[in-house]
Amino acid sequence: MLKVSGLTKIFGGLRAVDDASLVVPEGRIVALIGPNGAGKTTLFACIAGFLPVNGGRVDFRGENITGLPVHQIARRGMVRTFQITQPFAKLSVLENIAVGSHQQFARREDALEHARGIAGQVGMGHMIDQPAAQLTVAGRKRLELARTLATSPKLLLLDEVMAGLNPQEILEIIAIIRQIRDSGVTVLLIEHVMHAVMSLSDHIYVLSYGKVIAEGKPQEIVTNRAVIEAYLGRGAADQMAQMTDTSPASEGSAHA
Ligand SMILES: Nc1ncnc2c1ncn2[C@@H]1O[C@H](COP(=O)(O)OP(=O)(O)OP(=O)(O)O)[C@@H](O)[C@H]1O
Ligand SMILES: [Mg+2]
């Protein structure tokens with residue numbers, strides 16, 4: 001579905017994304033994790049056409065889409081959510097969602113009907129008439145998800161849709177993301193909520209200082225030395241091994 005090869009993005013002297021490669025197979029949920037400032041959002045912006053790249057290539061559904069403008073990439077079926085949500089504050093929830101539906105349905109009634117279905121899919125069926133400005137954080141995150149879903153994407157890029165949610169709201173959005181995947185939409189998600197990443201993902205890529213430092217199944221990633229050190233600092237893997245394991249000279253499965 002998506003193949004990113006050697007992607008590089010430079011801001012001034014900073015290599016925000018540095019030769020990053022990843023693959024998202026159709027029908028899967030793939031996660032992109034990493035410490036704050038690792039370059040995750042920048043990588044999303046480059047993939048979806050919001051930022052020009054300094055090197056590398058993006059293939060989507062077998063086509064080279066590197067450098068294409070956002071609307072052309074969206075028309076091919078790839079859309080992203082924003083870490084900072086930006087709904088049309090004065091419009092209702094339904095009207096906000098219908099903005100995405102309008103691209104496929106010329107008649108307003110059809111677009112609104114489609115938007116109503118999407119609202120139900122993300123658990124907002126009971127609040128379609130509320131102005132977007134009145135939504136809670138959880139509501140805004142769901143609306144952001146709904147607005148992208150309304151364009152009938154093939155690949156969804158989700159940037160921290162769980163940030164700021166309480167544990168119950170996180171469980172609800174995990175279930176919604178699973179349903180989206182089951183409905184045939186492939187998902188690439190950036191997320192800091194680790195239990196959500198672990199339970200949702202088929203595969204995880206770890207970004208640190210712009211580089212992919214590890215990839216694998218969730219169970220492989222939690223025990224990966226390079227990943228632990230990227231999050232907790234150099235030497236952390238050894239310290240953790242000492243704290244959790246009394247046997248001498250135990251060696252974790254290091255990859256990097
Ligand atoms: N438009 C920009 N101009 C200059 N530097 C930028 C720009 N956007 C991001 N950066 C820098 O690039 C680096 C990567 O930022 P990015 O937002 O991609 O990180 P992130 O992994 O998404 O972090 P977080 O988990 O906090 O959202 C940071 O050092 C950031 O300050
Ligand atoms: Mg980010």
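This report describes a predicted model of a protein chain with a ligand, going from the overall fold to single residues.

**Overall form**

The protein chain contains ten helices and ten strands. Its C-alpha atoms occupy a box of roughly 70 × 40 × 30 Å along the principal axes. The radius of gyration is 19 Å, which agrees with the value near 18 Å for a compact globule of 256 residues. Of the 256 residues, 39% count as buried. When contacts between residues at least 6 apart in sequence are taken, 64% of them join residues at least 24 apart.

The largest nonpolar core has 70 residues, and Ala-146 and Val-206 are those with the most contacts inside it. Leaving aside neighbours within four places in sequence, Val-206 is in contact with Ile-33, Gly-34, Val-212, Ile-213, Ala-214, Glu-215, Ile-221, Val-227 and Ala-230.

**The open sheet and the hairpins**

Strands of a sheet pair through backbone hydrogen bonds, in either a parallel or an antiparallel sense. In this model, four strands form an open sheet in the order β2-β1-β4-β5, with antiparallel pairing. The edge strands are β2 and β5 (63-64), each of which pairs on one side only.

Strand β1 (residues 2-11) pairs with β2 in the antiparallel sense over seven bridges. Within this pair, Lys-3 stands opposite Val-23 in β2, and Leu-7 stands opposite Ala-20 in β2. The two strands form a hairpin with two residues between them. Gly-12, in the turn, has a positive phi of about 60°.

A further antiparallel pair consists of β9 (residues 203-208) and β10 (residues 211-216), joined by five bridges. Here Ile-204 stands opposite Gly-216 in β10. The hairpin of β9 and β10 has two residues between the strands, and Tyr-209 takes a positive phi near 45°.

**Residues with positive phi outside the hairpins**

Most residues other than glycine have a negative phi. Ser-152 departs from this sign, with a positive phi near 55°, and Glu-160 is another non-glycine residue with a positive phi, of about 50°. The table sets out their places and neighbour counts.

| Residue | Phi | Place | C-beta neighbours within 10 Å |
|---|---|---|---|
| Ser-152 | near 55° | loop between α5 and β7 (155-159) | 15 |
| Glu-160 | about 50° | loop between β7 and α6 | 19 |

Ser-152 counts as partly exposed because it has 15 C-beta neighbours inside 10 Å. Glu-160 is also partly exposed, with 19 other C-beta atoms within 10 Å; a residue is buried if it has 20 or more.

**Helices α3 and α6**

Helix α3 (residues 93-101) is mostly covered, since seven of its nine residues are buried. These are Val-93, Leu-94, Asn-96, Ile-97, Ala-98, Gly-100 and Ser-101. The cover over the buried residues of α3 includes α4 (108-121) and α5 (137-149).

Ile-180 lies in helix α6 (residues 167-182). Ile-180 is buried because 21 other C-beta atoms lie within 10 Å. Beyond residues up to four places away in sequence, Ile-180 touches Leu-149, Leu-156, Val-185 and Val-187. The C-alpha atoms of Ile-180 and Gly-27 are 10.0 Å apart, although 153 residues separate the two along the chain.

**The surroundings of ligand 1**

The residues around ligand 1 are Phe-11, Leu-14, Ala-16, Gly-34, Asn-36, Gly-37, Ala-38, Gly-39, Lys-40, Thr-41, Thr-42 and Gln-83. The elements that give two or more residues to this shell are β2 (14-24) and α1 (40-47). Helix α1 gives the most, with three residues.

By class, the shell has four nonpolar, seven polar and one charged residues. Gly-34, one of the residues around ligand 1, is also among the contacts of Val-206. Strand β2 likewise links two parts of this account: β2 is an edge strand of the open sheet and contributes to the shell around ligand 1.

Definitions and conventions. Residues are numbered from 1 along each chain as its sequence is written. Chains are lettered from A and ligands numbered from 1 in the order in which they are written. This is a predicted model: local features need pLDDT of at least 70, side-chain atom pairs count only at pLDDT 80 or more; totals for chains, interfaces and linings use all residues. A residue is buried if 20 or more other C-beta atoms lie within 10 Å of its own, exposed if 12 or fewer, and partly exposed in between; C-beta atoms are placed from the backbone. Two residues are in contact if their C-beta atoms, placed from the backbone, lie within 7 Å. A residue is near a molecule or strand if its C-beta atom, placed from the backbone, lies within 6 Å of it. Ala, Val, Leu, Ile, Met, Phe, Trp, Tyr, Cys and Pro count as nonpolar, Asp, Glu, Lys and Arg as charged, and the others, Gly among them, as polar. Two strands pair if DSSP finds at least two bridges between them. The radius of gyration is taken over C-alpha atoms; the globule rule is 2.2 Å times the number of residues to the power 0.38. A nonpolar core is a set of buried Ala, Val, Leu, Ile, Met, Phe, Trp, Tyr and Cys residues joined through C-beta atoms within 7 Å.
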